[in-house]
Each structure stands twice: as C-alpha cells, then as structure tokens.
Amino acid sequence: MKLLVQRVSEASVEIQNENIATISRGVLVFVGFDPSDSSKEIEKLTKKLLNYKIFNDKNERVALSVLEAEAEILLVPQVTLSVRTNKGLKPSFSGAATPEKGLELFKAFKSHLETSYSKLQTGNFGADMSVSLINEGPITYWFEA
C-alpha cells in the first residue's frame, strides 16, 4: 500500500466536468494498493496519515498532524502508484492489486478513515478523474507499508 500525501490549501476532483469532491486546507492523498495488501497495511497507514506532522504550528514549524490541525482529507485512488517502471518504457501493472481487490481495499481504507476522522471526501475508484490542487510548501510525503 502506498500513499502520496500533499499538503494543500485546496483540492478538488471532477468527473466528466462535474465536481464530486472539494476540500480547503488539508491533504490530498493518492492511494495505490499492492496484491499483498490487507487490513494490516490499512490500519498502519491510517494511523500514520492522521498523526504524521504535516502542518505548521503558530511558530511556522511543521509540527501538527491532520488530527491536530483539524485538516480535511481528499482521498483519491491511483493505481499507477503501484505499477512497476524499472524496466522498459511501458508501465507494468503486475505490481498493482487487481481492480477487484483494489476496489475492496479502497472501500476498506475509506471506511477505516471515516471511523477515525469525519473530514473526508473521496474520488471514485476506477473513474477517469481530473484532480486540481494548490500544494502548500510544497510539502509532499511518500508513505509505504
């Protein structure tokens, strides 16, 4: 399981020119799943995402977590985080979970996040999405379980 987490002042997702999700101050989280991923990875990365220091405190130091900053989360499935790119000039999807397993894991991750935190919006698994964002800092983190 892989997360690409970007601190944003705003972010949104559109599908066929229709806005389906928008956040203001928060994190845009792209998530990709590997074939071996399970609830163990979901639990580990949920805790890390919610508690990792991403936001500035009153002294302008990166010292606040999503929970502490009461920031919003926009969760977007992105299979290409799990593709292999080390050989040739074409991505290999063999390192990614199947679409069925990916959907199951995405739903489980979303559900797990929702039980821990209410400020969550998501993109749609398997959809052709347009994602817009304003990255702050820029601050971008890579989490992997």
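## Salt bridges, aromatic pairs and a pocket

Glu136 is partly exposed, because its relative accessible area of 25% lies between the limits of 20% and 50% that separate buried from exposed residues. This value, like the others in this report, comes from a predicted model, and residues are counted from 1 along the chain as its sequence is written.

The side chain of Glu136 meets that of Arg7 in a salt bridge, with 3.5 Å from N to O. Since Arg7 lies in strand 1 and Glu136 in strand 8, the pair ties together parts of the chain that are 129 residues apart in sequence. Arg7, in contrast to its partner, is buried, with a relative accessible area of 7%.

The structure holds four salt bridges, and three of them are set out below.

| Salt bridge | N to O distance |
|---|---|
| Asp34 and Lys2 | 2.7 Å |
| Arg7 and Glu136 | 3.5 Å |
| Glu144 and Lys2 | 3.8 Å |

Lys2 appears in two of these rows, and together Lys2, Asp34 and Glu144 are linked in a network of salt bridges. On one side of this network, Asp34 lies in the loop between strand 3 and helix 1 while Lys2 lies in strand 1 (residues 2-15), so that their salt bridge ties together parts that are 32 residues apart in sequence. Both Asp34 and Lys2 are buried; for Lys2 this follows because its relative accessibility is 11%, and the limit for a buried residue is under 20%. On the other side of the network, the salt bridge between Glu144 and Lys2 links distant parts of the chain, with Glu144 in strand 8 and Lys2 in strand 1, 142 residues apart. Glu144, at 46% relative accessibility, counts as partly exposed.

Strand 8 also takes part in aromatic contacts, through Phe143. The structure holds four aromatic pairs, and one of them joins Tyr52 and Phe143 in an edge-to-face arrangement, with 4.9 Å centre to centre and 65° between the planes. This pair links distant parts of the chain, as Tyr52 is in the loop between helix 1 (39-51) and strand 4 (55-56), whereas Phe143 is in strand 8 (residues 130-144), 91 residues apart. The surroundings of the two partners can be described by their accessibility: Phe143 is buried, with a relative accessible area of 4%, while Tyr52, at 32%, counts as partly exposed. Phe143 forms a further aromatic pair with Tyr141, and this one is stacked, with 6.2 Å centre to centre and 10° between the planes. Tyr52, Tyr141 and Phe143 thus form one aromatic cluster.

A further feature is the largest pocket, which has a volume of about 320 Å³. Of the 17 residues that line this pocket, the closest to its centre are Pro77, Gln78, Val79, Phe125 and Gly126. The elements that give two or more residues to the lining are strand 3 (26-32), strand 6 (72-77) and helix 3 (99-116), and strand 3 supplies the largest share, namely three residues. Sorted by class, the lining has twelve nonpolar residues, five polar residues and no charged residues.

Methods: This is a predicted model: local features need pLDDT of at least 70, side-chain atom pairs count only at pLDDT 80 or more; totals for chains, interfaces and linings use all residues. Side-chain values use heavy atoms; hydrogens and water are left out. On a 1 Å grid over the protein atoms alone, a cavity is a set of points where a 1.4 Å probe fits but cannot get out, and a pocket is an open set with protein on both sides within 12 Å along at least five of seven lines; lining residues have an atom within 4 Å of a point. Grid points are joined across faces, edges and corners, and a volume is the space filled by probe spheres set on the points. Helices (H or I, at least four residues) and strands (E, at least two) are DSSP runs, numbered from the N terminus. Ala, Val, Leu, Ile, Met, Phe, Trp, Tyr, Cys and Pro count as nonpolar, Asp, Glu, Lys and Arg as charged, and the others, Gly among them, as polar. Rings of Phe, Tyr and Trp (its six-membered ring) pair if their centres lie within 6.5 Å; planes under 30 degrees apart count as stacked, over 60 as edge-to-face and the rest as tilted. Buried means under 20% relative accessible area, exposed over 50%, partly exposed in between (1.4 Å probe, protein chains only).
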